[in-house]
Amino acid sequence: MKIIACGSVPTIIAPEKYFTGRVLQTPIIEKEAPARLRAVLVSFEPGARTHWHTHPLGQTLYVTVGAGLAQTWGEPVQEIRAGDVISFAPGEKHWHGAAPTSAMTHIAMQEAVDGVHADWLEAVSGEQYGD
């Protein structure tokens, strides 16, 4: 058994090269090989969002607080709320983040292939977001 004490893993400001707006990330777990799981608590201020990205083995989000938006490439933007579970298939191009006037926090869970959890792409435009 391994216990990771509360507060022992620092929260970071998410890098601007992958996110628009202020986003905080608090790591929950990153398992060592041969396991592949990574889970992160991600908090988005209103209007903040990820860039477009994919995951080699897919991604699951569990929204814990607030309201947000998510979109798969070529499909309409969807509203997401606390208690929702969102599942993206392997390689599915998508983004997710807070609603324009509401903060949103989710737990993001994904597995790695050869150490890669995500492939980051272009920023979500204001038009795509709905500005």
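Is Glu79 buried or exposed? In this predicted model, Glu79 is exposed, and its relative accessible area is 57%.

## Salt bridges

Glu79 takes part in one of the four salt bridges found by a search of the whole structure. Its partner is Arg81, and the two side chains meet at 3.3 Å, N to O. Arg81 has a relative accessibility of 47% and therefore counts as partly exposed. Side chains of opposite charge can pair when their charged atoms come close.

Two further salt bridges can be described. Lys93 and Glu122 meet through their side chains at 2.9 Å, N to O. This pair links distant parts of the chain, 29 residues apart: Lys93 is in the loop between strand S9 (85-88) and strand S10 (94-98), whereas Glu122 is in the loop between strand S12 (119-120) and helix H1 (126-129). Lys93 is partly exposed at 22% relative accessibility, and Glu122 is partly exposed at 37%. Glu30 and Arg38 form another salt bridge, with an N to O distance of 3.1 Å between their side chains. Glu30 is partly exposed, with a relative accessible area of 46%; Arg38 is also partly exposed, at 26% relative accessibility.

## Aromatic pairs

The structure contains five aromatic pairs. One of them joins Phe19 and Phe44, whose ring centres are 6.4 Å apart and whose planes meet at 50°, so the pair is classed as tilted. Phe19 belongs to strand S2 (residues 19-20) and Phe44 to strand S4 (residues 37-44); the pair therefore ties together parts that are 25 residues apart in sequence. Phe19 is buried, with a relative accessible area of 7%, and Phe44 is buried as well, with a value of 2%. Ring pairs also bring these residues into a cluster that consists of Tyr18, Phe19, Phe44 and Trp120.

Another aromatic pair is formed by Trp52 and Trp73, with an edge-to-face arrangement, a centre-to-centre distance of 4.8 Å and an angle of 75° between the planes. This pair links distant parts of the chain, 21 residues apart: Trp52 lies in the loop between strand S5 (49-50) and strand S6 (53-54), and Trp73 lies in the loop between strand S7 (59-72) and strand S8 (78-81). Trp52 is buried, with a relative accessible area of 1%, whereas Trp73 is partly exposed, with a relative accessible area of 45%.

## Charged groups over rings

Which ring does the charged end of Lys93 sit over? The charged end of Lys93 is placed over the ring of Trp52, 5.7 Å from the ring centre. Lys93 thus has two partners described here: the ring of Trp52 and, through a salt bridge, the side chain of Glu122. A second arrangement involves Arg49, which lies over the face of Tyr129 at 4.1 Å from the ring centre.

## Surroundings of His117

His117 is located in the loop between strand S11 (104-111) and S12. With 7% relative accessibility, His117 counts as buried. The side chains of His117 and Arg38 are joined by a polar contact of 3.4 Å. Arg38 also meets Glu30 in a salt bridge, and both Glu30 and Arg38 are among the residues that His117 touches.

When residues up to four places away in sequence are not counted, the other residues touched by His117 include Arg36, Thr54, His55, Pro56, Gln110, Glu111 and Ala112.

## Val85 and the annotated region

Val85 is part of strand S9 and is exposed, with a relative accessible area of 56%. Its contacts, leaving aside neighbours within four places in sequence, are with Thr60, Leu61 and Tyr62. The C-alpha atoms of Val85 and Leu61 are separated by 5.6 Å, although the two residues are 24 residues apart along the chain.

An unreviewed UniProt entry carries the annotation "domain: Cupin type-2" for residues 41-99. In the model, the chain over residues 41-99 is 0% helix and 59% strand, and its end C-alpha atoms are 17 Å apart.

Conventions:
Residues are numbered from 1 along each chain as its sequence is written. This is a predicted model: local features need pLDDT of at least 70, side-chain atom pairs count only at pLDDT 80 or more; totals for chains, interfaces and linings use all residues. Side-chain values use heavy atoms; hydrogens and water are left out. Rings of Phe, Tyr and Trp (its six-membered ring) pair if their centres lie within 6.5 Å; planes under 30 degrees apart count as stacked, over 60 as edge-to-face and the rest as tilted. Helices (H or I, at least four residues) and strands (E, at least two) are DSSP runs, numbered from the N terminus. Buried means under 20% relative accessible area, exposed over 50%, partly exposed in between (1.4 Å probe, protein chains only). A charge sits over a ring if NZ of Lys or CZ of Arg is within 6 Å of the ring centre and within 35 degrees of the ring normal. UniProt positions are given in the numbering used here, feature names are shortened, and annotations may be inferred rather than shown by experiment. A polar contact is a pair of N or O atoms within 3.5 Å; within protein, one must be able to donate a hydrogen and the other to accept it, and residues adjacent in sequence count only if both atoms are side-chain atoms. Contact means heavy atoms within 4.5 Å.
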